Structures are given as C-alpha cells and as structure tokens.
Amino acid sequence: MKNRPPAAIEQSIQRAPKRSTSSRATKNSTFHAICIATAAVSVAILIVLLASILIQGVPSLSLGLILNPPDDQASQAGIWPAMWGTIWVCGLCGLMTLPIGVATAILIEEFPPRTRIGQYFHGLIQLNISNLAGVPSIVYGILGLTAFVTMFGLFSDPKNPNASLEFGANTYYQFMSEGDRSIMIPVAGPDAPRPTLVDQMPAYDFEQNPIRINVIEPGDPYPDDESVLAYTIFSDSEGGPVPKTSWYYFRLPFGRGVLAGALTLMLVILPIVIISSQESLRSVPSSLRAGALGLGATPWQVIWHVTLPSAIPGIMTGSILSMSRAIGEAAPLLIISGVVFIRQAPSNLMDDFTVMPLQIFNWAGRPQEDFQDIAGAAIILLLIVLLSFNAVAVLIRQKLQKPLS
Amino acid sequence: MQDNASSPDQEPASRIQGDVDLSKTPAAIEVANLNSWYGSFQALHDISLRIPAKHVTALIGPSGCGKSTLLRWINRMNDTIPTARATGTAKMGDLDLLSRSTDVVDLRRRIGIVFQKPNPFPKTIFENVAFGPKLHMRCTRSQLQDVVQWALRKAAVWDEVKDRLHAPALGLSGGQQQRLCIARAIAVGPEVLLMDEPCSALDPASTLAIEDLIYELRKQYTIIIVTHNMQQAGRCSDQTAFFYEGRLVEAGATKQVFTNPQCKETEDYVTGKFG
C-alpha cells in the first residue's frame, strides 16, 4: 500500500458512492425469500417421498409381512429374518463403532503430539480418516470380504468354505421319535458312531432345548400319554449326524456372518463418527479444560469429567446420523452376505443373515406387481426400525445431557 | 498489617502498610534466570524473582510483557502449549517447578490458578467446588459437603449460594462465578494461589468483593496476581513486580514501587504516562 497524506485519504473516502439503504433492504429480503424457498423445496421432496411410499405400501402392510419369512408368493412373503438381520448387524455395528470412533477422536483432539514422530502419526491418522470418509461403500464391501469373511485365507483355504477354527459348534445324531419329533443326541463329531439309545439319557429337541426321552424295545406297546409319545423312540431306530451351532458359536475366519457384516458397516460409518466426534470435542471451550487441569486433574480426568460430558450431545448427533446411514446401506452387505435365501433370523454372530434394504432390493427388482407393493410396505417398516434406533439414541443423548448450561 | 482487618469501613488502599521487610519473610517460590520461548519468540528474558510466603505479589506491566507467561510457568499450565519451553529455575522449597520429572498433577494441586474469565464447569455449584477434592481424594458425601461449605465460606460466596447449591453454576453473576472459581481452587487445599487478571471481566462492586477476598486469603495463602489495574495492585499487594517487554524491570515492596520507583519506565507506567 502506498503511503498517502491523510487529507487525500479523507477525500477519497468521502468520494466513495453510498450504498442506498433501500437496495440493501431489497437484497436482504430477496435472500430471505430464497432461503425460505429452498427450505420449502426440501420439505416438499420429503413429503412427496413419504406420501408415495405410504400410498403404495400401506395397503400391503400386514402382520404377516412382519412375521413371515420371505416366500415365492408375495401374499405369503414377510421380512422377519431381514428385520432381525438389520437389528443384529446395525446394533452390533453401533456398539463397536461408538467406542472406537470416540476413542480415536479423543486421541487426535485431546492428546496433541509432542514429538516429530507423533506429529507424523497424527497427520497420518487424520489423512486416513478424511480419505476413508470419501470411499464408496461398495469398496468397503470388498475390503470386508477379504478382511473379515475370508481373513486373507490365514485360517483356512479361501476356496474351502468350511471354517478351520471354531468354537461352540455341536454335532448331534438326529432321530425321529414315534411322535414325529426330532431327537438330537450330542456326539463327538461328524464321524462319531451311532450312539446307543438309553432310557432317560440327555437329549435335545430341534431347537436344542433339553428333553427327556423314553426308549422302548421293538415290539413294546406305545405309551398312552401323547406328551410321552412325542419323545418315545425304539432302541434300534435309524438316524444320522447333523451339525448344529450354539448361540455362542464362534469361528475364524468369520465367514459370511452377522459379525463380518457388522464389522464392514463399522468401516463405512467409522470416519463419519470420528469426524463428528472431533468437531464436538473441538467445540468444548478450552477454558473448561484449563480450569480442570489447574485443579490438578490428569488429562484422563479432564476428558472423562469435563470434555466428554460437554461433547456428548454432539457426538450422539453424529452417531445417530451415521447409524441411519448404516441401516440403509445395502451395497457392502450384498457382497458380505451373498445373494442367499434366508428364512431364519440369525441365532449367533456367525450365522447367515440378510438385511431389510437387501430384501427390499430383492422384491423391488421382481417383475410381479405384488412384490413391488410389499417392497413399499417393507420400506415403511425399514423407516420404523430406523426411527426406533434413532429414538434410542436420542433418549441416551437426553439422559447424558444435563440441563446445566 | 493485621491491625485494621476488623474495621470494615477502612479504605482498602490503606489496609496493606507496605513497610514490612519482605526480604525477611520466608520465600514461597524462588524464580532464577528464567528464560521462556513460544516457538522462536522469546517471551521472558532472565527473570529472577522471590515470592514471599503468605503475602500478595502483584505482577504489572503492559499487555504482552510476559507476566501471564511467568504465572503459567509456575504451575506449568504452559505444558498445554506444545511449542513452549523454558530455561532457568523456579523452585518451591525443594521442588523444581520446571523439571520434566516433576509430578505436574500434584504441583497443580499445590499451586492453584484462577483465570481471567470465570470458567465454572457446566455443572451445579456444589459439583463445581466438589470437583477438585473428588479428583484427589476418596471422600464420603458428608466430608465433601464440609469441604464445599468451607471453601464457599472462605471465598465469601457461601451466603449468596447456600440456598441453591444444586442450581447450575452458569446461572450465577460474573462476580459470583469468579468467587466460585476461587472457592473451587482453594477446595483442593493449595499453598499458592495464582490469579490471572481475576477482575478484568467484572464490574467495580464485584472487583471490590474479590479484592476484599484476596486480603482475607493472604493470611493463609501465598498469592500471585496479574493485573492491569494500578489501583488494584496498590490496594491489595505487598510486593509489586513491573514487567516490560519480557524483562523484569523492577520488583519491590508495593509502597516503594508506587511512591519511589527506581526506574524511569516503572515511574511512567505507574503514574499512567504509558501502558
């Protein structure tokens, strides 16, 4: 800037044309109107979307749609397994993502690096998170397939779907009772010999509940009591080995199960959770941290008693948004779960699963109009599941947020 | 200097006689040849200062002269600034305040700090004062109540808050918040209290209340106060240190610094010719 005499400056300032008050007021009101219009457009889109879904879906809503497994007949088809799949996968995903995401954000925001190596490390983490936030979710599906489903073939031959390390898998010898019920006798393994049937020996029904069996010799009369007959069996009955998994079944690699799906979804939403947690930690005034440090609090005490309580509302808001994303995500789970026909809700972490968006995708892609209609109804159910997840998160947020500011 | 503590009508300015021989009182903190940098900027040049125990030391000087930096080295709040470093010594008894191996957490328990802007936590009044004791001790509810009441009485804010201990601290007025912060600081039982311009965000009435409080607290605590207010330094300190551009220009009994300064800059500053 040139150094000019004060008189010249004063003159040039006075020569500057005045902005008229009325034109500024017009600009202000125009901008206000544009804001209202754009807000109205987004609300209108939402209303049209909801209305079209409701019109198409509500007539097909029925208890059967909620409680039935999928079927070739649209009138018989339901979303029960997919709904439980969504609850398992997204619930597990939220439980894993929140602690990992918040802990990462705390590391970056609350423990500034002191050494040069530490600075590089922090920079590397930050760069990674920013990059991961922009990766298309189907890429995570492929990553999840190698990292979680097959685990790079570390524990088994990737071409062999059978797990090599497992825990909680049971083999049963299955017989049919005279009352047409399954009787399962635990045996050591798939190659174990047929067990000898003994009266009152430990046995299980098909759902793996313990039962008492009544063994009779060939030629003996049937018992009169119906409930005894249900578990009555001839000592020379024929049967065969069947594998069954318990609720704590665990294996390596994870296979196409609930856990692999949840871990993959975790990768999808982790960057969002970390970035929003970072933002809300950053918005906690540093004077509060200084106040706590000045009282002799350790950095951990500052975080636990001061920073986190103030940041929790923001962290929960970010988590709610990312959970909504996870619930609606279909692409990565399509790769993880594979296109399979699932008729049962998952019963353990390694169980096959499908989720609601996949089921909707499947139905919406069929030519029959009936399936289009139940797809619309399933979308309504998906929205209900989504809103109930969010409601839980909002409740937690309100519980943690003390009205003290 | 205790003679007129009982007469409330006394003008605060005349409370501290200023003719005590500070060199004969034991030192709480001794700073020697302290140099300090933020990155490549040297904020303090070769500071040596003796802080007498159970007296008030005022640090005065224009903005950016390094008085807050000195304060922040004494309880190591500068540790939160990655680029800050210091050479020289600062000792409290045998404890080296600047050593890397010093337990900073225990140090800050012994040397409390009150900041320029009142910064109560977004918790209740009770929780604010109980925060410090809970960090350091496992005390029962009744012990905690005793400590809170004691600290609030000590900070002269008990009468105003005793009926709403479980109300949000942020609902208090600025002056009450600042006294609450002082209560919070003394609740952990410090020996030294650092005050970084504690009255600059407050109105004159609250300022006077805090000054009265400082006068009361000096019987028990060593107090170091940073202030921009000459009258305040004159009214409530025993020793005054004048800083200018990162150097300690002059330090001495407050009365002497204000009435008979040894350096030209000090005289210009305390008489209001600059700054």
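**Figure 1. B:Asn33, a non-glycine residue with a positive phi.** In this predicted model, B:Asn33 is partly exposed, with a relative accessibility of 42%. The residue belongs to strand S1 of chain B, which covers residues 27-38. Its phi is about 50°, a positive value, and B:Asn33 is not a glycine.

**Figure 2. B:Ala156, in a loop between two helices of chain B.** The close-up shows the loop that lies between helix H4 (141-154) and helix H5 (158-161) of chain B, where B:Ala156 is found. Here phi is positive, at about 55°, although B:Ala156 is not a glycine. Relative accessibility is 41%, so B:Ala156 counts as partly exposed.

**Figure 3. The cis peptide bond between A:Leu252 and A:Pro253.** This view moves to chain A. The bond joining A:Leu252 to A:Pro253 is cis, with omega about -10°. A:Pro253 sits in a loop of chain A. Strand S7 (240-252) lies on one side of that loop and helix H8 (258-282) on the other.

**Figure 4. A:Pro190, an exposed loop residue of chain A.** A:Pro190 is placed in the loop between strand S2 (182-187) and strand S3 (202-204) of chain A. Its relative accessibility is 59%, so A:Pro190 counts as exposed. Which residues does A:Pro190 contact, leaving aside its neighbours within four places in sequence? They are A:Thr171 and A:Pro241. A:Leu124 is 66 residues from A:Pro190 along the chain, and the C-alpha atoms of the two are 49 Å apart.

**Figure 5. A:Cys93 and A:Cys90, two cysteines of chain A without a bond between their sulfurs.** How many disulfides does a search of the whole structure find? The count is zero over all chains. Why does A:Cys93 form no bond with A:Cys90? The closest cysteine sulfur to that of A:Cys93 is in A:Cys90, and the separation is 6.3 Å, too far for a bond. A disulfide needs the two sulfur atoms within 2.5 Å. A:Cys93 itself is buried, with a relative accessible area of 0%.

**Figure 6. B:Cys181, a buried cysteine of chain B.** B:Cys181 takes part in no disulfide. The nearest cysteine sulfur belongs to B:Cys199 and is 12 Å away. Is B:Cys181 buried or exposed? Its relative accessibility is 5%, so B:Cys181 counts as buried.

**Figure 7. The interface of chain A and chain B.** On the chain A side, 19 residues are in contact with 26 residues of chain B. The size of an interface is often given as the accessible area lost when the parts come together. Between them, chain A and chain B bury about 1,800 Å². Carbon and sulfur atoms account for 68% of that area. What does the search for salt bridges across this interface find? The rule finds zero. Polar contacts are present: five residue pairs make them across the interface, with both residues at pLDDT 80 or more.

**Figure 8. The side of chain A that touches chain B.** Two helices of chain A, H9 (286-294) and H10 (299-328), each supply at least two residues to this side. Which element gives the most? H9(A) does, with seven residues. By residue type, this side of chain A divides into nine nonpolar, nine polar and one charged.

Notes. Residues numbered from 1 in each chain as written. Chains lettered and ligands numbered in written order. Predicted model: local features only at pLDDT ≥ 70, side-chain atom pairs only at ≥ 80, totals over all residues. Heavy atoms only, no water. Buried < 20%, exposed > 50% of the residue type's maximum accessible area, 1.4 Å probe, protein only. Contact = heavy atoms within 4.5 Å. Buried area = accessible area lost by both parts, 1.4 Å probe. Salt bridge = Lys/Arg side-chain N within 4 Å of Asp/Glu carboxyl O. Polar contact = N/O pair within 3.5 Å; in protein donor to acceptor, adjacent residues only side chain to side chain. Helix = DSSP H or I, 4+ residues; strand = E, 2+ residues; numbered from the N terminus. Nonpolar A, V, L, I, M, F, W, Y, C, P; charged D, E, K, R; others polar.
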